[in-house]
Amino acid sequence: MRYIEHDIVVKRMNGRNVVNKLFKSIFLLATLSALLALVILLYQIVSQGASHLSIDFLTNFASRFPAEAGIKAALVGSIWLMLVVAPTSIILGVGSAIYLEEYAGKNRITTFIQMNISNLAGVPSVVFGLLGLTIFVRALALGNSILAAGFTMSLLILPVIIVASQEAIRSVPGELRDASYGMGATKWQTIVRIILPAAIPGILTGSILALSRAIGETAPLIVVGVPVIIQFLPEGVMDTFTALPMQIYDWSSRPQQEFQQVAAAGIIVLMSVLLLMNSVAVFIRNKFEKRY
Amino acid sequence: MSTTQAINNRSKTAGLEQESSQATSTSSVYDTKQLNLWYGDNHALKNIDLDIKQNEVTAIIGPSGCGKSTYLKTLNRMVELVPNVKTSGQIMYRGRNIFDKDYSVEELRTRVGMVFQKPNPFPKSIYDNIAYGPRIHGIKNKKILDEIVEKSLRGAAIWDEVKDRLNENAYSISGGQQQRICIARALAIEPDVILMDEPTSALDPISTLKIEELVQELKKDYSIIIVTHNMQQAARISDKTAFFLNGEVIEYDNTDTIFSNPSDKRTEDYISGRFG
Amino acid sequence: MGQSVQEMIAQSKGKKSKKFVEKMIPVLLFLIATVSVLTTIGIMLTLIVETVTFFTRVSFIEFIFGTTWLPFSNLDAQFGILPLIVGTLKITLIAIVVAVPIGISAAIYLSEYATDNVRRVIKPVLEVLAGIPTIVYGFFALTFVTPLLQSIFPEIKIFNAISPGIVVGIMIIPMIASLSEDAMSSVPKSIRDGALAMGSTKFEVAMKITVPAAISGIIASVVLAISRAIGETMIVSLAAGSTPKFDGDFTGSIQTMTAYIVQVSKGDAGYGTTIYYSIYAVGFTLFVFTLVMNILANYVSKRFREEY
């Protein structure tokens, strides 16, 4: 006795193939709609901001008058901020990653640290702002300085750098390690001379991507009290400053239509900085890819 | 030298006689004519001609990379899942060219079941694994599904081992049992042909023996084409054997003939273990 | 060079500094690794201490169950957080309605249908989408999506829940798509082949095999995306307004927990005022929400992980 009538199966096959094609189109359309959103977003920003973009825009300070408003203080401020965030977060992140990958035993403390890192990555950035406000701005009395904001941002991107560095270190082949130990090298020598050089492309790529997140973050800066109207450039890490996303936020929230264009021009500058950083990351990734 | 040649010649004629006498008694399921296949620039199958008979076990042997798996996967067009595959020639399945535009792969694959190298049950219960095929082909009646599941599991000689744990995940049983679940899964859609791609290569000897016995049992109702690495296995279970080398069919004959009196020197070298 | 290499090695082995370094380095690195733990402790302590101070001035019951959030009133300040939670949930709801279908569809397309070449184009674009700063999305919501919606539905106000909700949705699409795709791609190819060899269409493979097998990863991606939407700050600060409301209206101005924190931080709420402490109480609530979501995502992906 047969249960499956092949004639019926063949008859149904057409319908099933139509359903398959239909859903393939739906899935493709959904995917394309996400890409379309990106295209519209970029087009909107360029079309609104291009007219305001000029050398003056880069060299002027902020102003009450849209036509004169420039981004100099914010651009320089963001660079200062990165000068604090980059070394702080990379030293802490890579150090943690080396500890977790090379030294930590498989015990409860390690599991706890690891779990803590993944949870920390999910804490909203505005909450990091509250931490920075309480600890760095008030308790350590750093005020709304570059240092206070920089430390806050460093902690914010720390989990990202740790995870990326751990992956980079983990992908160094075990044979390299063994070869180094086999010659009588100590653990630290092996780490410094063999593992880190091999892992550095991955670490750098991950770090640059993390820093590009930090340069676009706004909420923590607002909460730690970074001001907007700044008519001077900072001269040290204890000075007040403003940053690109702060400036863009301020311009965006002004009612005058002209300031929308200034904001769009500011976004173009910010996105250009991000593009530059990402290009460097992609360059490093491609240049050092698949060496073993 | 001259004696070997003489034996070869004798066996060749004997083989031909036997084959022609069988051709009248059984009809063919797959008739491959001048099949060529390329992976990109790599010419993987060259001018294959094979006539595969109904209710027989046909073994395909040959060293790694000889194209035996590729040929098997061409029979149900699974090979097309690899990017940049090109084919030419014909494979007639029951008189219809499987490469015809209006022959849908899904339709072909409901007639031709497949068992893979490594057991690959779905991450579902044993019951749902077996019922998967009938369900996608439109059978929803619970009672009929129950019957199909039991019949298929019995057919794959595993009913007694799993009848009390049908709702357990198929990954909770041993590898050998998983492979028989996969055979039962193929049986559930009542195929005409079953393709087996080194079905025992990942299994222990006892499980292998069970599968081999099962194959003998199944050939009463199905035509079976099995790719195997293991020449003893081919000798034990198959009626016909095709020897592949570098994408070509070197020799195709009754299994007894291939293993006792191969007509080609390369076949002889391979079965006597001189290479591969 | 009167010495052999082995002799030179033997001499340097004896140096005390080398042994000291080998002993101190793990300690130093351990201290660095504790910074992430200290950060978590710092966040919890900060939020708890300041929130406790807040509750010496405002009753806990009023905060949790109160339906009016009126912090800036001089005469009758009220601190019922429900309106802020409702505002946050409105944004999250719209974001999920936008992002879940699109994100999961994209994941299915990428893992089941797309050729390698198509995947090589689409995945980097999704990465770009994921890397755009939220302030840019906020600007996009305010200057493009809101006017667009207003031209279709005139009843929608300048500040509303729909526009930022949609844009938060766009922001979390890459997260759902890439995490779900990871989960689906980890279903072994051999299992897909098994289903295809029985005459399944790709759609049937996706719906009956891949998606059910990857369901824990897909759910985890959605939960993480919800957590991200709850914590999103700049899009809502720019485009959702600053009117805490306890109702079901999506077309007018609302306020989320995050937007309230920004609003207070921008102004000059003096240190020590009730308003100052209120941002910690709101931040604490926000933290609890996202923490629960993150733990849930972790639990789902660990507990229901398929073994193949």
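In what order do the strands of the six-stranded open sheet in chain B run? I started my notes there, keeping in mind that this is a predicted model.

**Chain B, six-stranded sheet**

I read the order as 6-7-8-3-9-10, with mixed pairing. Strand 6 (112-115) and strand 10 (248-254) of chain B sit at the edges with a single partner strand each, so one side of each has no neighbour in the sheet. I also looked up the twist: neighbouring strands of this sheet are turned by 15° against each other on average, direction ignored.

Next I checked one pair inside the sheet. Strand 3 (residues 57-61) and strand 8 (residues 223-227) of chain B run parallel and are joined by four bridges. Val57(B) has Ile224(B) of strand 8 of chain B opposite.

Then I turned to the helices lying on this sheet. Helix 7 (residues 175-187) of chain B lies across strand 6 and strand 7 (193-197) of chain B, at about 175° to strand 6 of chain B. Helix 8 (residues 205-218) of chain B covers strand 3, strand 7 and strand 8 of chain B, and runs at about 160° to strand 7 of chain B.

**Chain B, four-stranded sheet**

Here I found an open sheet of four strands, order 2-1-4-5, with antiparallel pairing. Its edge strands are strand 2 (42-53) and strand 5 (96-97) of chain B, each paired on one side only. Helix 2 (residues 68-75) of chain B packs on this sheet and touches strand 1, strand 2 and strand 4 of chain B; its direction makes about 120° with that of strand 1 of chain B.

I followed strand 1 (residues 28-39) of chain B to both of its partners. Eight bridges tie strand 1 to strand 4 (residues 85-93) of chain B, antiparallel; Trp38(B) faces Lys86(B) and Asn36(B) is bridged to Ser88(B). Eight bridges also join strand 1 to strand 2 of chain B, again antiparallel, with Leu50(B) as the bridge partner of Thr32(B). The hairpin of strand 1 and strand 2 of chain B has two residues between the strands, and Gly40(B) there takes a positive phi near 60°.

**Chain A, helix packing**

How do helix 6 and helix 8 of chain A cross? The axes of helix 6 (residues 146-170) and helix 8 (residues 187-216) of chain A come within 8 Å and cross at roughly 150°, so I noted these two helices of chain A as roughly antiparallel. The crossing of helix 6 of chain A with helix 8 of chain A is right-handed. Among the contact residues I listed Met153(A), Val160(A) and Ala164(A) from helix 6 of chain A, and Ala199(A), Gly202(A), Gly206(A) and Arg213(A) from helix 8 of chain A. By class, that contact has 14 nonpolar, four polar and one charged residues.

I then looked at helix 3 (residues 72-103) and helix 10 (residues 244-252) of chain A, whose axes come within 7 Å and cross at roughly 145°. Ala74(A), Leu75(A) and Ser78(A) of helix 3 of chain A meet Leu244(A), Pro245(A) and Gln247(A) of helix 10 of chain A. I got four nonpolar, two polar and no charged residues for this contact.

**Chain A, record against model**

UniProt's unreviewed entry puts "domain: ABC transmembrane type-1" at residues 75-280 of chain A. In the model that span is 78% helix and 0% strand, with its end C-alpha atoms 19 Å apart. The unreviewed entry also lists transmembrane regions of chain A, including residues 79-100 and 120-140. Residues 79-100 of chain A are 100% helix, with end C-alpha atoms 31 Å apart. For residues 120-140 of chain A I noted 76% helix and 22 Å between the end C-alpha atoms.

Definitions and conventions
Residues numbered from 1 in each chain as written. Chains lettered and ligands numbered in written order. Predicted model: local features only at pLDDT ≥ 70, side-chain atom pairs only at ≥ 80, totals over all residues. Heavy atoms only, no water. Axes fitted to C-alpha atoms, helices over the stretch in contact; angles between N-to-C directions. Parallel < 35°, antiparallel > 145°, perpendicular 65-115°, else oblique. Left-handed = near helix turned anticlockwise from the far one by under 90°. Contact = heavy atoms within 4.5 Å. Nonpolar A, V, L, I, M, F, W, Y, C, P; charged D, E, K, R; others polar. UniProt positions renumbered as here; feature names shortened; annotations may be inferred. Pairing = 2+ DSSP bridges.
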